[in-house]
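Thanks for coming, everyone. Have the sequence and the model open while I talk, and let's walk through it together.

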Amino acid sequence: MLVKRAPDLTYADVTPKSIYTNRRSFLRGLLATGGTVTGWKRLLPPLPGSGPGSVPVKLDGVVRWPYSTGEKQTSYNDVTTYNIFYEFGTGKKDPSENAKNFQTSPWSVSVEGEVRKPRTFTMDEIMKLAPLEERVYRFRCVDTWCMVVPWIGYSFSALAKLVEPTPKARYVAFQSYYDPRQMPEGKYSGMVLPYVEGLRIDEAMHPLTLLCVGMYGETLPNQDGAPVRMVVPWKYGFKSIKSLVRIRFVEEQPPTTWSMGNLQEYGFYSNVNPNVDGPRSSQAQERRLGEYFRRPTLMFNGYGDQVASMYDGMDLRKYF
Ligand code: MTE
């Protein structure tokens, strides 16, 4: 296969030809002609098991980010078979099994709200907006497991600057894709979907906050949030929203999926903090996938030098 450099890559290029040229997707393409993405999705009857899905494809031209952790990386197998993606089921193995046919092309992300230049980015544009960097981050989930993952993407601020947030933008609200026909397990998740998350504007603009389009040298597998997700390494994993379709700059603190409904024990900030217990258990220790022994949890997941000053003067037991 001819490998193109990232700047020359179109998002269609990252869906293998054998898949996107199959007969059904060709028919779907015909139906799509002249319609918007949501428009044609509404027109189509469900075709179980027939979607082109997206299979991870090598990303070329990815530059090394100089601040990556040198710690042992978690195996690709663990990171892609032990997931939380409630739209595809609540078991840790469910997303890898149920997201196989998730259609992630075409894809676009709308950016709106308190911005001077609202805009919808196609996935092609997102892939080329800034140099793609490989950033190896520690990633900590709330149920005490954690991992070390070579994510690929760039600082979210690169996208945010293009839309020029106004002084009224104090928070950023994120929304995931949700289509009950592609994600039939979602309705049994007990969650209000689409999945929504939020960050304070300074957190969103922090250079560590990653707009993520790949991992382990390739585009994202469906179960890990294809085609584009957030990764916020000093916060519990649920802040790192998957399969993003909408970003809104807002004045007020936005609602978040885990703090809505019966799940009010989850705070808005959700900074990794060994001193504040989680909803079900102590967060003082953690276990890396693939390891047996537990380790002590680090404040801000070990990123305190970079991020702690954003919370100066805040009682982190209250704003957990
Ligand atoms: N995003 C969406 N849309 N739906 C989800 O269920 N789960 C969150 C987060 N993003 C979730 C989501 C939680 S609880 C975690 S821990 C991480 O994704 C898990 O990411 P991973 O499966 O890639 O490890």
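Let me start with a question for the room: among the elements of the protein, which has the lowest mean pLDDT, and which has the highest? What we have here is a predicted model, and the answer is that helix α3, residues 37–43, sits at the bottom with a mean of 35, while strand β10, residues 229–231, sits at the top with 99. Across the protein, pLDDT averages 86, and 82% of the residues score at least 70.

Now the stretches with low scores. Over residues 1–9 the pLDDT stays under 50, and the model has 18 contacts for them beyond four places in sequence. Residues 12–52 also stay under 50, with 45 such contacts in the model. Helix α3, at residues 37–43, has that mean of 35.

On to the overall picture. There are 320 residues, and 51% of them are buried. The secondary structure comes to 9 helices and 13 strands. If you take the contacts with a separation of 6 or more, 74% of them are between residues 24 or more positions apart. The accessible surface is about 15000 Å², and carbon and sulfur atoms hold 54% of it.

Next, please find strand β4, residues 133–140. Why can we call β4 largely enclosed by the rest of the structure? Because 7 of its 8 residues are buried. On one partner, β4 runs parallel to strand β1, residues 63–64, with 2 bridges joining them; Arg64 has Glu134 of β4 as its bridge partner. With strand β5, residues 145–155, β4 runs antiparallel, and here 8 bridges join the two. One place to look is Val136, which stands opposite Pro150 in β5. β4 and β5 also make a hairpin with 4 residues between them, and in the turn Thr144 has a positive phi of about 70°.

Stay with β5 for a moment, since β5 leads us to β12: those two pair in the parallel sense over 2 bridges. The bridge partner of Trp145 in β12 is Arg287. Which residues of β12 point to the buried face, and which to the other? Glu286 and Arg288 point to one face and are buried, whereas Gln285 and Arg287 point to the other and are not. That fits the general rule that side chains in a regular strand alternate between the two faces of the sheet.

β12 has a further partner in strand β13, residues 295–296, to which it is joined antiparallel by 2 bridges. Glu286 stands opposite Arg295 there. The hairpin of β12 and β13 has 6 residues between the strands, and Gly290 takes a positive phi near 90°.

Let's move to the ligand. There are 17 residues around it, and the ones that come nearest are Tyr86, Glu87, Ser176, Arg229 and Lys242. A polar backbone atom of Tyr86 is 2.8 Å from an oxygen atom of the ligand. Ser176 places a polar side-chain atom 2.8 Å from a ligand nitrogen atom. For Arg229, an N or O atom in the side chain is 2.8 Å from an oxygen atom of the ligand. Taken alone the ligand exposes 540 Å², and the protein buries 99% of that.

I'd like to finish with two loop residues. Tyr178 is in the loop between β6 (171–176) and β7 (196–200). Is Tyr178 buried, exposed or partly exposed? With a relative accessible area of 25%, Tyr178 is partly exposed. Leaving aside neighbours within four places in sequence, its contacts include Glu87, Met183 and Pro194. Leu193 is another contact of Tyr178; these two are 15 residues apart in sequence, yet their C-alpha atoms are 6.9 Å apart in space.

The other one is Asn271, in the loop between β11 (244–250) and β12 (285–288). Its relative accessibility is 6%, so Asn271 counts as buried. What does its side chain make polar contacts with? One is the side chain of Lys235, at 2.9 Å, and another is the side chain of Tyr311, at 3.5 Å. Beyond four places in sequence, Asn271 is in contact with residues including Glu203, Trp234, Phe300 and Leu316.

That's my tour, and I'm happy to take questions.

Note on methods:
Residues numbered from 1 in each chain as written. Predicted model: local features only at pLDDT ≥ 70, side-chain atom pairs only at ≥ 80, totals over all residues. Heavy atoms only, no water. pLDDT = per-residue confidence, 0-100. Contact = heavy atoms within 4.5 Å. Buried < 20%, exposed > 50% of the residue type's maximum accessible area, 1.4 Å probe, protein only. Pairing = 2+ DSSP bridges. Polar contact = N/O pair within 3.5 Å; in protein donor to acceptor, adjacent residues only side chain to side chain. Near = heavy atom within 4 Å. Areas by Shrake-Rupley, 256 points an atom, 1.4 Å probe, with all protein chains shown as cover.
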